[in-house]
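Here is a friendly walk through a protein model, written for someone seeing it for the first time. Have a look at the sequence and the structure before reading on.

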Amino acid sequence: MAKFRGAHVAIDVALLTIAPGPEGAETLAALAHKRQDGLAAGQWALVGRMLRERERLAEAVQVALREKAGIADVTPRQLFVLDEPTRDSRGWVISVAHIATCKWRDLE
């Protein structure tokens, strides 16, 4: 395996909810957090992180939601894979996108 140099793997989570909007209307919303460090510090992003050695995707998703957004008890599903080698300025990062839904009151 040492001769096969490959990509890093990350997970991203789109956590969707129906949020209260202006004048009592409701709107579809996605959870975002403000990045704390790295090249994109201070920018808003979906919850995500790099996969650690020997970590399963589902575990990484739960850790990211808990550590970055304080959210537990949701069951994200894999949505699709982003694998364009030049999409991340840090290098080749394959991202496995996930999606989940929750009630607005669970985010407050």
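## What counts as buried

A residue is called buried when its relative accessible area is under 20%, exposed when that value is over 50%, and partly exposed in between. Keep in mind that this is a predicted model.

## Helix α1

With those words in hand, which residues of α1 are buried? They are A60, V61, V63, A64 and L65. Their cover includes the strands β1, β5 and β7, the last of these running over 93–101. In general, an α-helix has 3.6 residues a turn, so residues three or four places apart point the same way. R66 also belongs to α1, but R66 counts as partly exposed because its relative accessibility is 48%. Between the C-alpha atoms of R66 and V47 there are 9.8 Å, with 19 residues separating the two along the chain.

How far apart are the end C-alpha atoms of α1? They are 18 Å apart, and this agrees with expectation because 13 residues at 1.5 Å a residue should span 18 Å. Just past the helix comes G70, which has a positive phi of about 65°.

## The nonpolar core

Now for the inside. The largest nonpolar core has 12 residues: I11, V13, L15, V47, A60, V61, A64, L65, I71, V74, A100 and C102. Two elements, β1 and α1, give two or more residues each to this core, and α1 has the largest share with 4 residues. As a rule, nonpolar side chains in soluble globular proteins tend to be buried together.

V61 is a handy residue to zoom in on. Once its neighbours within four places in sequence are set aside, V61 is in contact with I11, V13, P76 and H98.

## The largest pocket

How much space lies in the largest pocket? The answer is about 660 Å³. There are 26 lining residues, and the closest to the pocket's centre are R35, G48, R49, K68 and R90. Sorted by class, the lining comes out as 11 charged, 10 nonpolar and 5 polar residues.

Four elements each bring at least two residues to this lining: β1 (8–20), β3 (33–34), β5 (47–50) and α1 (57–69). The largest share, 4 residues, comes from β5.

## Out in the loops

Let's move on to the loops, starting with L39. You'll find L39 in the loop between β3 and β4, where β4 covers 44–45. Is L39 buried or exposed? L39 counts as exposed because its relative accessible area is 74%. Leaving out residues up to four places away in sequence, L39 touches S89 and R90. L39 and R90 sit 51 residues apart along the chain, and their C-alpha atoms are separated by 8.8 Å.

Next, a word on backbone angles. Most residues other than glycine have a negative phi. E23 goes the other way: it isn't a glycine, and its phi is positive, near 55°. E23 is in the loop between β1 and β2, with β2 at 26–30, and counts as exposed because its relative accessible area is 86%. D73 isn't a glycine either, and D73 has a positive phi of about 65°. The loop holding D73 runs between α1 and β6, where β6 is 77–82. At 78% relative accessibility, D73 is counted as exposed.

Methods: Residues are numbered from 1 along each chain as its sequence is written. This is a predicted model: local features need pLDDT of at least 70, side-chain atom pairs count only at pLDDT 80 or more; totals for chains, interfaces and linings use all residues. Side-chain values use heavy atoms; hydrogens and water are left out. On a 1 Å grid over the protein atoms alone, a cavity is a set of points where a 1.4 Å probe fits but cannot get out, and a pocket is an open set with protein on both sides within 12 Å along at least five of seven lines; lining residues have an atom within 4 Å of a point. Grid points are joined across faces, edges and corners, and a volume is the space filled by probe spheres set on the points. Ala, Val, Leu, Ile, Met, Phe, Trp, Tyr, Cys and Pro count as nonpolar, Asp, Glu, Lys and Arg as charged, and the others, Gly among them, as polar. A nonpolar core is a set of buried Ala, Val, Leu, Ile, Met, Phe, Trp, Tyr and Cys residues joined through side-chain atoms within 4.5 Å. Buried means under 20% relative accessible area, exposed over 50%, partly exposed in between (1.4 Å probe, protein chains only). Contact means heavy atoms within 4.5 Å. The expected span of a helix is 1.5 Å times one less than its number of residues.
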